[in-house]
Amino acid sequence: MRILGIDPGLRTTGFGLVDVDGAELRYVASGTISTTHLDKDLLPERLKVLFDGIREVVARYEPDAATVEIVFVNVNPQSTLLLGQARGAAITALVFSDLPVSQYTALQMKQAVVGWGRASKGQIQEMVKRLLNLPGLPGPDAADALGLAITHAHANKAMARLALADGVIGAGKGKYKAGRSR
């Protein structure tokens, strides 16, 4: 399975792809999509660059699934709104490409990759480098995107194990069964 992780940002959106084969993770590609060449007042044009860039990554690398970071409200409401629009452009590009999209918070990604929810950017970069056996540190946005892909790989394995558990998920149906477990 090939997983595309997206770390959305209006100025710079990170992307990272990993292949998952059982317990093995293999690095495929990573990078960023930048809108810094455009005036910051050209919001629709910047969103189009993000949308088109993600569609190009999907067309080139043909992932099976995607994951996007969930953003929270920060101190500046205007920044949060702009980041939400960048995230919306990313999700729309992925859905438009017929990819299933999962979402994880930065805290969940840091916990899955580093083992600590308050990990620094540098710690994420170092662990992504180690987990994917990279020759050097990926950039911070690409590292976050790769971290999201790794997080989804781990979560996907856990969900597959749950699917085998009696009373949790209906056999072959893939839907959560509410109620008591056996």
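Start with the contacts across the whole protein. Of those that join residues at least 6 apart in sequence, 56% are between residues at least 24 apart. Keep in mind while looking around that this is a predicted model.

Now colour the chain by secondary structure. Five helices and five strands appear. Follow them from the N terminus and the order reads β-β-β-α-β-α-β-α-α-α.

Next, show the surface of the protein. About 10,100 Å² is exposed, and 54% of that comes from carbon and sulfur atoms. What share of the 182 residues is buried? Buried residues account for 40% of them.

Hide the surface and turn to the charged side chains. Side chains of opposite charge can pair when their charged atoms come close. How many salt bridges are found in the whole structure? The search gives five, and this tour stops at three pairs.

**Stop one: D19 and R2**

Select D19 and R2 and show their side chains. They form a salt bridge, with 2.6 Å from N to O. The two residues are 17 apart in sequence, and the pair links distant parts of the chain. R2 belongs to strand β1, which covers residues 2-7, while D19 belongs to strand β2, which covers residues 12-21. Is D19 buried or exposed? D19 has a relative accessible area of 15%, so it is buried. The cut-off for buried is under 20%. R2 has a relative accessibility of 21%, so it counts as partly exposed.

**Stop two: R26 and E24**

Move the selection to R26 and E24. Their side chains also meet in a salt bridge, and here the N to O distance is 3.3 Å. R26 is partly exposed, at 34% relative accessible area. E24 is partly exposed as well, at 41%.

**Stop three: E126 and R130**

Finally, select residues 121-131, which make up helix α4. Within this helix, show the side chains of E126 and R130. Where do these two residues sit relative to each other in helix α4? They are four residues apart, about one turn of the helix. Their side chains meet in a salt bridge of 3.2 Å, N to O. E126 has a relative accessibility of 26%, which makes it partly exposed. R130, with a relative accessible area of 58%, is exposed. The cut-off behind that label is over 50% for exposed, with partly exposed lying between buried and exposed.

Key: Residues are numbered from 1 along each chain as its sequence is written. This is a predicted model: local features need pLDDT of at least 70, side-chain atom pairs count only at pLDDT 80 or more; totals for chains, interfaces and linings use all residues. Side-chain values use heavy atoms; hydrogens and water are left out. Buried means under 20% relative accessible area, exposed over 50%, partly exposed in between (1.4 Å probe, protein chains only). Contact means heavy atoms within 4.5 Å. Accessible areas come from the Shrake-Rupley method with a 1.4 Å probe; for residues, only the protein chains shown count as cover. A salt bridge is a side-chain nitrogen of Lys or Arg within 4 Å of a carboxyl oxygen of Asp or Glu.
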